[in-house]
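Trainee: Before we accept any label attached to this model, could we go through the reasoning behind a few of them, setting each value against its cut-off?

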Amino acid sequence: MAYVTCPWCLTPQHVADEDSGYQCFTCAAEIRFFKCPECGFVQTVNKMWTVFICGRCEATLDLPRRWGYLPGARASLVEGAGQSWPKL
């Protein structure tokens, strides 16, 4: 089990290692895992966001309109959470 944080409400969650996303049990947000193309940081992001800020390199990134299988973006590899754009 991976221990990840919801990027929306910042609540810790338990997710199966092989999952590519989950629904937060606190705020009901649809969360996916995304690997930053700039620095390789695997992070949680809200599926409803269109743009977010990487939690490590602070690059502003666009999220895909269609979510498919993203190699390297699994719960067991998550290192942190992305931030909403613009920063609050």
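Mentor: Let us begin with Leu10, which lies in the loop between β1 (2-5) and β2 (12-15), and let us keep in mind throughout that this is a predicted model.

Trainee: Why is Leu10 called exposed?

Mentor: The label exposed requires a relative accessible area over 50%, and Leu10 has 60%, so Leu10 is exposed. Its backbone deserves a remark as well, since the phi of Leu10 is near 60°, a positive value in a residue other than glycine.

Trainee: What makes β1 and β2 a pair of strands?

Mentor: At least two bridges are needed for pairing, and β1 and β2 have four, in the antiparallel sense. Val4, for instance, stands opposite Gln13 in β2. The two strands form a hairpin with six residues between them, and Leu10 is in that turn. As for the faces of β2, Gln13 and Val15 make up the covered one, while Pro12 and His14 make up the uncovered one.

Trainee: Which label does Ala28 receive for its accessibility, and why?

Mentor: Ala28 is found in the loop between β3 (21-23) and β4 (30-35), and its phi is near 65°, again a positive value in a residue other than glycine. Its relative accessible area is 46%, which falls between the 20% and 50% limits, and therefore Ala28 is partly exposed.

Trainee: How do you know that Asn46 is buried?

Mentor: Buried means under 20% relative accessible area, and Asn46 is at 5%, so it counts as buried. Asn46 is found in strand β5 (residues 42-46), and its contacts, leaving aside residues up to four places away in sequence, are with Pro7, Trp8, Ala29, Glu30, Ile31 and Leu63.

Trainee: What makes the approach of Asn46 to Met48 a polar contact?

Mentor: The side chain of Asn46 reaches the backbone nitrogen of Met48 at 2.9 Å, and the limit for such a contact is 3.5 Å.

Trainee: Why is the pair of Glu79 and Arg56 called a salt bridge?

Mentor: The side-chain nitrogen must be within 4 Å of the carboxyl oxygen, and the closest N and O atoms of Glu79 and Arg56 are 3.0 Å apart, so the pair meets the rule. Glu79 lies in the loop between β7 (60-62) and β8 (80-81) and Arg56 in the loop between β6 (51-53) and β7, so the salt bridge ties together parts that are 23 residues apart in sequence. Both partners count as partly exposed, Glu79 at 47% relative accessibility and Arg56 at 45%. By this rule the count of salt bridges comes to one.

Trainee: How do you know that Cys6 and Cys54 are not in disulfides?

Mentor: The structure holds zero disulfides. For Cys6, the nearest cysteine sulfur is that of Cys9, 3.7 Å away, whereas a disulfide requires sulfur atoms within 2.5 Å. The sulfur of Cys54 is likewise 3.7 Å from the closest cysteine sulfur, in Cys39, and that is too far for a bond. Cys6 counts as buried at 0% relative accessibility, and Cys54 is buried with a relative accessible area of 0%.

Trainee: Why is one side of β7 and of β9 left without a neighbour in the sheet?

Mentor: The open sheet of three strands has the order β7-β6-β9, with antiparallel pairing. β7 and β9 (83-84) stand at its edges, each with a single partner strand, so one side of each has no neighbour there. Three bridges join β6 to β7, and Phe52 stands opposite Leu61 in β7.

Trainee: What makes one aromatic pair tilted and another edge-to-face?

Mentor: By this rule there are three aromatic pairs. The rings of Tyr22 and Phe33 have their centres 5.9 Å apart and their planes at 35°, an angle between the 30 and 60 degree limits, so this pair is tilted. Tyr22 in strand β3 and Phe33 in strand β4 are eleven residues apart, and the pair links distant parts of the chain. The rings of Phe34 and Phe52 have centres 5.5 Å apart and planes at 90°, which is over 60, so that pair is edge-to-face. Phe34 in strand β4 and Phe52 in strand β6 are 18 residues apart. Phe34 counts as buried at 9% relative accessibility, and Phe52 is buried at 0%.

Notes
Residues are numbered from 1 along each chain as its sequence is written. This is a predicted model: local features need pLDDT of at least 70, side-chain atom pairs count only at pLDDT 80 or more; totals for chains, interfaces and linings use all residues. Side-chain values use heavy atoms; hydrogens and water are left out. Buried means under 20% relative accessible area, exposed over 50%, partly exposed in between (1.4 Å probe, protein chains only). A polar contact is a pair of N or O atoms within 3.5 Å; within protein, one must be able to donate a hydrogen and the other to accept it, and residues adjacent in sequence count only if both atoms are side-chain atoms. Contact means heavy atoms within 4.5 Å. Rings of Phe, Tyr and Trp (its six-membered ring) pair if their centres lie within 6.5 Å; planes under 30 degrees apart count as stacked, over 60 as edge-to-face and the rest as tilted.
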